[in-house]
Amino acid sequence: PVLVEAAYTIGSTQIRNRGTIGGNIVNASPAADLLPPLIALKAEVELTSGKGKRVLSLEEFLAGPYKTKIQANELLTKIKIPLLGDNYYTDFQKIGRRKALSIARLSLALVTKIDKEGIFQDTRVVPGSATPYPQSLPETEKAVNGKSVLNVDLEEIGKITSKEMVSITGERWSTPYKKPTIAVLIKRALEKIIKEAKTND
Ligand SMILES: Cc1cc2nc3c(=O)[nH]c(=O)nc-3n(C[C@H](O)[C@H](O)[C@H](O)COP(=O)(O)OP(=O)(O)OC[C@H]3O[C@@H](n4cnc5c(N)ncnc54)[C@H](O)[C@@H]3O)c2cc1C
């Protein structure tokens, strides 16, 4: 669902009809809407050249803003997305300057497992338009893992996410806006998932 939610926010109907997932990946924009969910889903890319094939994790494939490790003689020929097991929940949050045809000002993909006792496990948090190129936030993931849906401190998690983002980007002109806003996105995503998990219980 996280991939569908993100894809649905891309551009307009015309852009969505013409654009491909492969193009979104190889273009490697910091604001690409499909990169955060695909990284959070631990997607892999298959690259094919006349000499053969190689497979890289998507996170490894991205090399910088608008940069990837693709070689001039290679094509992206497959995107492999491992299936999530039972009790996984996902969410995608996006903020843009307007409601449609909107490039992400900030986005965030969240994938996490909630076990039978209501404990978060295997949490993956990947923001978009937040860091030079989409990448996981391991400190935030560690902070969520092991917490209970009953009493996870969302304010605290928000602060950790903000701090982690700034530790990657440094203070920039957009930091006064993005620092509090990324905290809001992780809180919204967790709140949505917690509500869903409680409804399923
Ligand atoms: C008006 C407008 C609005 C947009 N809005 C959004 C948005 O909201 N969110 C968003 O994420 N993006 C947006 N985009 C960007 C773009 O449309 C998407 O990233 C789209 O997914 C790109 O796919 P494409 O197939 O058109 O790629 P292309 O533009 O055709 O290709 C992009 C790059 O990838 C390379 N490439 C493509 N496929 C392969 C392959 N299989 N193997 C190797 N290299 C390949 C191309 O050579 C090129 O360098 C927007 C673009 C426009 C014009």
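The shell of residues around the ligand divides into 9 nonpolar, 8 polar and 2 charged, and I should say at once that this is a predicted model, so please hear every distance I quote today as computed from that model. In total 19 residues surround the ligand, and the closest are G11, T20, N24, D33 and L76.

Which elements of secondary structure supply at least two residues of that shell? They are helix α3, residues 21-27, and strand β5, residues 75-80, and of the elements that contribute, α3 gives the most, with 4 residues.

Let me go through three polar contacts to the ligand, starting with T20, where an N or O atom in the side chain sits 2.6 Å from an oxygen atom of the ligand. At L76, by contrast, the partner belongs to the backbone, since a polar backbone atom of that residue lies 2.9 Å from a nitrogen atom of the ligand. At S102 a backbone N or O atom is again the protein partner, and it is 3.3 Å from an oxygen atom of the ligand. As for cover, the ligand taken alone exposes 980 Å², of which the protein buries 59%.

Now to the domains, because the position of the ligand is best described in terms of them. The chain is divided into domain 1, residues 2-80, and domain 2, residues 88-200, and the C-alpha centres of these two domains lie 21 Å apart. The contact between them takes 23 residues from domain 1 and 24 residues from domain 2. Why can we say that the ligand lies between domain 1 and domain 2? Because both domains give residues to the shell around the ligand.

Staying with α3 for a moment, G23 is found in that helix, and at 37% relative accessibility it counts as partly exposed. The C-alpha atom of G23 is separated by 9.0 Å from that of L76, although the two residues are 53 apart along the chain, and L76, as you will recall, is among the residues closest to the ligand.

Let me turn next to R124, which is found in strand β8, residues 120-128. Is R124 buried or exposed? At 10% relative accessibility R124 counts as buried, because the cut-off for that class is under 20%. A polar atom of the R124 side chain lies 2.8 Å from the backbone oxygen of A40. Leaving aside residues up to four places away in sequence, R124 touches A40, L41, K42, L84, Y88, A109, L110, V111 and E141.

A130 is also buried, with a relative accessible area of 8%, but A130 is found in a loop, the one between β8 and α6, where α6 covers residues 138-144. With residues up to four places away in sequence again not counted, A130 touches L106, M165, T169 and I182. The C-alpha atoms of A130 and S174 are separated by 9.5 Å, with their positions 44 residues apart along the chain.

K192 is found in helix α8, residues 175-200, and at 40% relative accessibility it counts as partly exposed. Which residues does K192 touch, not counting residues up to four places away in sequence? They are E5, D91 and Q93. Along the chain K192 and T90 are 102 residues apart, yet their C-alpha atoms are separated by 9.2 Å.

Finally, a word on backbone geometry, for those of you who check torsions before setting anything up. Most residues other than glycine have a negative phi. Against that background, Y66 has a phi near 60°, a positive value in a residue other than glycine. Y66 has its place in the loop between β3, residues 62-64, and β4, residues 67-68, and Y66 is exposed, with a relative accessible area of 54%. N87 likewise has a positive phi, in this case near 65°. N87 lies in the loop between β5 and β6, the latter being residues 88-96, and N87 is partly exposed, with a relative accessible area of 31%.

To close where I began, the picture for this predicted model is of a ligand that lies between domain 1 and domain 2, with 19 residues around it and 59% of its exposed area buried by the protein.

Technical notes
Residues numbered from 1 in each chain as written. Predicted model: local features only at pLDDT ≥ 70, side-chain atom pairs only at ≥ 80, totals over all residues. Heavy atoms only, no water. Near = heavy atom within 4 Å. Polar contact = N/O pair within 3.5 Å; in protein donor to acceptor, adjacent residues only side chain to side chain. Areas by Shrake-Rupley, 256 points an atom, 1.4 Å probe, with all protein chains shown as cover. Nonpolar A, V, L, I, M, F, W, Y, C, P; charged D, E, K, R; others polar. Domains from an automatic or database assignment. Buried < 20%, exposed > 50% of the residue type's maximum accessible area, 1.4 Å probe, protein only. Contact = heavy atoms within 4.5 Å.
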